[in-house]
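Dear colleague,

I am passing on to you the structure we spoke about, with the sequence alongside. My notes follow below it, and I would be glad if you read them with the structure open.

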Amino acid sequence: MNVERLRDRVLPVLVFVVIAVLWQMAATFSGWSPSVFPGPLATAKGMWELIANGTLFMHSVASLFRVTIGFYLAVLVGVPLGMILGRWKSGQHMFNALIQFLRPISPLAWIPLALLWFGIGDKPAIFLIFLSSFFPLLVSTITAVNHINSLYFQVAANFNFSRIETVFRIMLPAVLPQLLPALRISLGIAWLVVVAAEMIAVKSGLGYLILDSRNALRMDFVMDAMIAIGLIGICLDRVIVQLNRIKSVSWGSV
Amino acid sequence: MGFIAIKRLRKEFLERRSTRRKFNGPGVEQGQPLLVLDEIDLECKDGELVCVLGPSGCGKSTLLRIMAGFDSKTSGSVTIDGREVNGPSSENIFVFQHNGLLPWLTVAENVGLGLRHWKDEKARDERVQEYIDIVNLSGFEQHYPHQLSGGMQRRAELARALVVSPEVMFMDEPFAGLDYLTRLKMQEEIINMHEYFRKTVVFITHDIDEAMTMGDRVVVMSERPARVKLDVELTAPHPRDFLSDPELSELRKSVYHELGVHHAL
């Protein structure tokens with residue numbers, strides 16, 4: 001392993017180590033009781049407890065399930081809709097105001113309505129996650145379609161592409177390089193929103209774990225849930241970044 | 001077959017009223033039609049390589065785009081083998097100025113675009129390979145366009161056009177942006193390819209010597225609104241030496257003259 005790779009691997013870990021040391025010192029010298037401000041050791045002990053009895057795993061799976069469903073729904077609706085509006089200029093003019101009006105309304109503002117409409121359980125949480133990813137994806141797809149080089153459509157017409165071929169062989173590959181960052185950002189937002197969504201109406205998920213631990217005054221569990229959220233967030237991000245490595249996508253970064 | 005007949009072709013663009021009237025330049029009224037092509041009459045025989053010359057902005061590209069069906073005409077007619085041109089077709093392939101290759105497909109996939117409906121995969125791959133070999137891109141089948149040089153991209157696009165055996169090929173300044181040597185090599189390749197395939201080629205350029213070197217016929221267009229100013233058949237065999245051949249040399253001088261350069265360089 002050469003020096004550069006060593007640096008790239010070791011230094012980020014070192015940062016975490018330094019933060020943990022500072023955290024432990026703050027916890028020790030703050031004078032607060034461990035039940036209010038647990039240090040890394042107490043948190044690690046709590047983490048072991050949560051892993052050993054399977055609670056952490058169960059809640060993580062519950063959260064990931066909701067994010068996956070909500071996010072996929074947003075992709076399945078937002079991307080095709082964005083492609084249609086991207087090509088249909090008058091539709092774009094018609095709906096742009098509506099989209100820009102709905103977009104800044106935080107998904108959390110929909111909580112009361114979501115509860116009323118979808119009741120208790122996974123559905124309102126999935127609805128909120130869907131909303132949070134849907135608008136960024138829709139807007140990015142429309143923008144990406146607007147920026148497709150018109151030459152590609154002429155090539156398609158020249159080689160007698162059908163409408164369906166134009167969508168799947170021209171538009172989709174042409175927007176992918178711009179779409180991937182949008183997927184990355186909206187998946188990140190979805191993961192942010194799931195925690196808030198799980199503080200209502202459900203009895204599982206990492207958001208619920210935080211709320212429940214707070215009620216039980218187990219701040220070490222609260223911090224464990226936060227750590228789990230961060231770790232899973234990194235993993236989700238990595239998955240999307242890996243898509244950039246596909247050769248037929250990487251042309252966009254040249 | 002690949003006989004193109006253009007009769008009394010006119011093209012007007014409607015100026016859009018996007019700026020206020022007082023900003024208009026002289027002679028350009030907003031909302032007034034701008035005449036680009038004025039009564040063009042032109043015939044390209046089957047298998048002919050026709051070079052179209054003209055000052056920049058005169059409407060050469062518009063003419064070519066109408067011939068290929070990418071633009072609509074205002075009046076007149078454009079027929080290929082007696083059929084009116086109504087839209088793009090894979091019978092007539094357009095070779096673009098640059099970036100005509102689809103960047104998410106490899107060279108082989110790009111060349112195979114026109115053969116994508118072939119059921120027999122083996123025959124298709126063989127034909128794609130054959131044409132990649134013809135344009136000297138063997139070994140680059142799995143490369144993406146951004147990994148190729150400008151000249152190689154042009155050659156790949158040429159292979160993509162030739163592989164479908166089109167009746168006509170339209171080339172809109174296909175060598176723009178290539179360096180001088182690559183340009184000469186590409187000219188040579190087009191001439192050889194034309195000798196071999198005998199397709200009708202309509203080739204737009206602003207390089208007079210390029211037109212004189214390559215064309216079976218040279219068409220010179222006027223300033224906008226474009227008319228055909230000069231339409232000469234060149235019968236001299238390749239390779240041509242238009243400096244020592246008195247006939248060619250005289251013609252070259254007159255073409256320079258028509259385009260407003262009075263001291264032929």
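**Between the two chains**

Across the interface of chain B and chain A, ten residue pairs are found in polar contact, both partners having pLDDT 80 or more. Please keep in mind throughout that this is a predicted model. On the side of chain B that touches chain A, the largest share, three residues, comes from strand E6 (residues 92–95) of chain B. Sorted by class, that side of chain B holds twelve nonpolar, nine polar and three charged residues.

The interface also contains one salt bridge between chain B and chain A, in which the side chains of Arg116(B) and Glu165(A) meet at 2.8 Å, N to O. In terms of contacts, 24 residues of chain B touch 18 residues of chain A, and the two chains bury about 2000 Å² between them, with 65% of that area on carbon and sulfur atoms. Arg116(B) appears here again, since together with Trp104(B) and His146(B) it supplies 33% of the area that chain B buries against chain A, which is more than any other three residues supply.

**Chain B: two sheets and a helix**

Strand E6 of chain B, which contributes to the interface, also belongs to an open sheet of six strands in the order E6-E7-E8-E3-E9-E10 (chain B), where the pairing is mixed. E6 and strand E10 (228–233) of chain B stand at the edges with a single partner strand each, so one side of each is left without a neighbour in the sheet. Neighbouring strands of this sheet are turned against each other by 15° on average, with direction ignored. Within the sheet, strand E7 (residues 168–172) and strand E8 (residues 200–204) of chain B pair in the parallel sense over five bridges, and Asp172(B) stands opposite Ile204(B) in E8(B). H1(B) packs on this sheet, touching strand E3 (49–53), E6, E7, E8 and strand E9 (217–221) of chain B, and its direction makes about 155° with that of E7(B).

A further open sheet in chain B has four strands in the order E2-E1-E4-E5, and here the pairing is antiparallel. Its edges are strand E2 (33–44) and strand E5 (83–84) of chain B, each of which has a single partner strand, so one side of each is left without a neighbour in the sheet. Strand E4 (residues 75–80) of chain B pairs with E5(B) in the antiparallel sense over two bridges, and Thr79(B) stands opposite Glu84(B) in E5(B). Helix H1 (residues 60–68) of chain B lies across strand E1 (4–14), E2 and E4 of chain B, running at about 120° to E1(B); H1(B) is thus a helix to look at from both sides, given its contacts with strands of the six-stranded sheet as well.

**Chain A: helices throughout**

The secondary structure of chain A comes to eleven helices and zero strands, and its C-alpha atoms fill a box of roughly 75 × 60 × 30 Å along the principal axes. Over all chains, a search of the whole structure finds 23 salt bridges. One of them joins the side chains of Arg218(A) and Glu49(A) at 3.6 Å, N to O. This pair links distant parts of the chain, 169 residues apart, with Arg218(A) in the loop between helix H9 (206–215) and helix H10 (219–243) of chain A and Glu49(A) in helix H2 (residues 40–52) of chain A.

With best regards

Notes
Residues are numbered from 1 along each chain as its sequence is written. Chains are lettered from A and ligands numbered from 1 in the order in which they are written. This is a predicted model: local features need pLDDT of at least 70, side-chain atom pairs count only at pLDDT 80 or more; totals for chains, interfaces and linings use all residues. Side-chain values use heavy atoms; hydrogens and water are left out. Two strands pair if DSSP finds at least two bridges between them. Contact means heavy atoms within 4.5 Å. Axes are lines fitted to C-alpha atoms, for helices over the stretch in contact, and angles run from 0 to 180 degrees between N-to-C directions. Buried area is the accessible area (1.4 Å probe) that two parts lose on being put together, summed over both. A salt bridge is a side-chain nitrogen of Lys or Arg within 4 Å of a carboxyl oxygen of Asp or Glu. A polar contact is a pair of N or O atoms within 3.5 Å; within protein, one must be able to donate a hydrogen and the other to accept it, and residues adjacent in sequence count only if both atoms are side-chain atoms. Ala, Val, Leu, Ile, Met, Phe, Trp, Tyr, Cys and Pro count as nonpolar, Asp, Glu, Lys and Arg as charged, and the others, Gly among them, as polar.
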